[in-house]
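This report covers loop geometry, helix packing and burial for the model shown below.

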Amino acid sequence: MPLIIVLILTSLTVMTGCNTVPSASSSSWTSQAASEPHRRSIAIDGVTLSILEAGTGDPIIFVHGVVTTSNIFPKYLSAYSPDFRGIAVDLRGYGDSEKPAEGFTIAQFSKDLIALADKLGFEKPVWVGVSMGGMILQQLALDYPDRVRALVLVSTTDGAMVLDKDLPTIGNPRDFGEVSKNIIVESFPPGTSPTLYQPLLDRIPTWNATVLREALTDMARANVHGQITKIDVPTLIVVGAKDDVATPAIARGIQSQISGARLVEFNTGHFMMAEDPERFRTVLGNFLRDIKR
């Protein structure tokens, strides 16, 4: 098979939700492809959120970043069934969720997630957050400590994450789509095949300038450094060695503040879930197996 076709097929499998059956050596769960993700809408506190879900068992809620949607997670939703059921949410303003006029901040996203957990009847889910999603979950763990069973913080920071230096001009005169595209492309190591991140670019039209501008602005102001010493649940921190935004040094700083936190480093950039999806699935699975004991 020509190399370019292999790359395309690999990218589509990783990012669009096609489940594959992993090798027996990488996990002990036996019903990896038991259910395809299905999407539905949940009304919470004046806004409707779209979720993807699959599998059975204890809940894991996956939270995406500022230039992604729930569509980065389908590969993992049923990967740990029947022990864990995966739910991936489109945050307000993103993907298939409702797009109100405002409210695209870390604090509001956190409130929305708790309201979603309430509506689904989940008292203490495992929470997995990528990039901005990890920032949201650190705030959630501080504000709602009794609602967290375990945390997985992926490619994230405990302080400001500055992804654009001219935030007021997003939307006018700069197009939010171009800003989003630049953030995505620059998150991958130089020389990465465009086929790997094209599925991410395809999702850009599902948000708008207001969403991106408000979220990026709040991320640039965020700071929970020193506060996250209060987090006392099992925590996994995942970082890419080539990530120049959520760097390994930042990840080690987060680890040093959360008692017992584990740190796993990948030889990737910001999006190790796209660059090394099988290892990510295994690393997350090992963590889940340990907290299940």
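## The loop between α2 and β4

Where is Pro82 found? Pro82 sits in the loop between α2 and β4. The model is a predicted one. In this loop the peptide bond from Ser81 to Pro82 is cis, with omega near 15°.

Asp83 lies in the loop between α2 (74-77) and β4 (84-90) as well. Its relative accessibility is 26%, so Asp83 counts as partly exposed. The C-alpha atom of Asp83 is separated by 6.5 Å from that of Thr56, and the two residues are 27 residues apart along the chain.

## The loop between β6 and α5

A second cis peptide bond is found between Asn172 and Pro173, where omega is about 10°. Pro173 belongs to the loop between β6 (150-154) and α5 (176-186).

The loop between β6 and α5 also holds Ser155. Ser155 is not a glycine, yet its phi is positive, at about 50°. With 1% relative accessibility, Ser155 counts as buried, because the cut-off for that class is under 20%.

## Positive phi at Asp45

Most residues other than glycine have a negative phi, and most peptide bonds are trans. Asp45 departs from the phi rule: its phi is positive, near 40°. The residue lies in the loop between β1 (38-44) and β2 (47-54).

Is Asp45 buried or exposed? At 67% relative accessibility, Asp45 counts as exposed.

## Packing of α5 on α7

α5 packs against helix α7 (residues 209-221) at an angle of about 50°, and their axes are 9 Å apart. This angle makes α5 oblique to α7. The crossing of α5 past α7 is left-handed.

Which residues of α5 and α7 meet? From α5 come Phe176, Val179, Ser180 and Ile183; from α7 come Ala209, Leu212 and Leu216. By class, this contact of α5 with α7 has 6 nonpolar residues, 1 polar residue and no charged residues. As background, an α-helix has 3.6 residues a turn, so residues three or four places apart point the same way.

## Burial of α6

Helix α6 covers residues 194-201, and 6 of its 8 residues are buried, so the helix is largely enclosed by the rest of the structure. The buried residues of α6 are Thr195, Leu196, Tyr197, Pro199, Leu200 and Leu201.

Notes: Residues numbered from 1 in each chain as written. Predicted model: local features only at pLDDT ≥ 70, side-chain atom pairs only at ≥ 80, totals over all residues. Heavy atoms only, no water. Buried < 20%, exposed > 50% of the residue type's maximum accessible area, 1.4 Å probe, protein only. Helix = DSSP H or I, 4+ residues; strand = E, 2+ residues; numbered from the N terminus. Axes fitted to C-alpha atoms, helices over the stretch in contact; angles between N-to-C directions. Parallel < 35°, antiparallel > 145°, perpendicular 65-115°, else oblique. Left-handed = near helix turned anticlockwise from the far one by under 90°. Contact = heavy atoms within 4.5 Å. Nonpolar A, V, L, I, M, F, W, Y, C, P; charged D, E, K, R; others polar.
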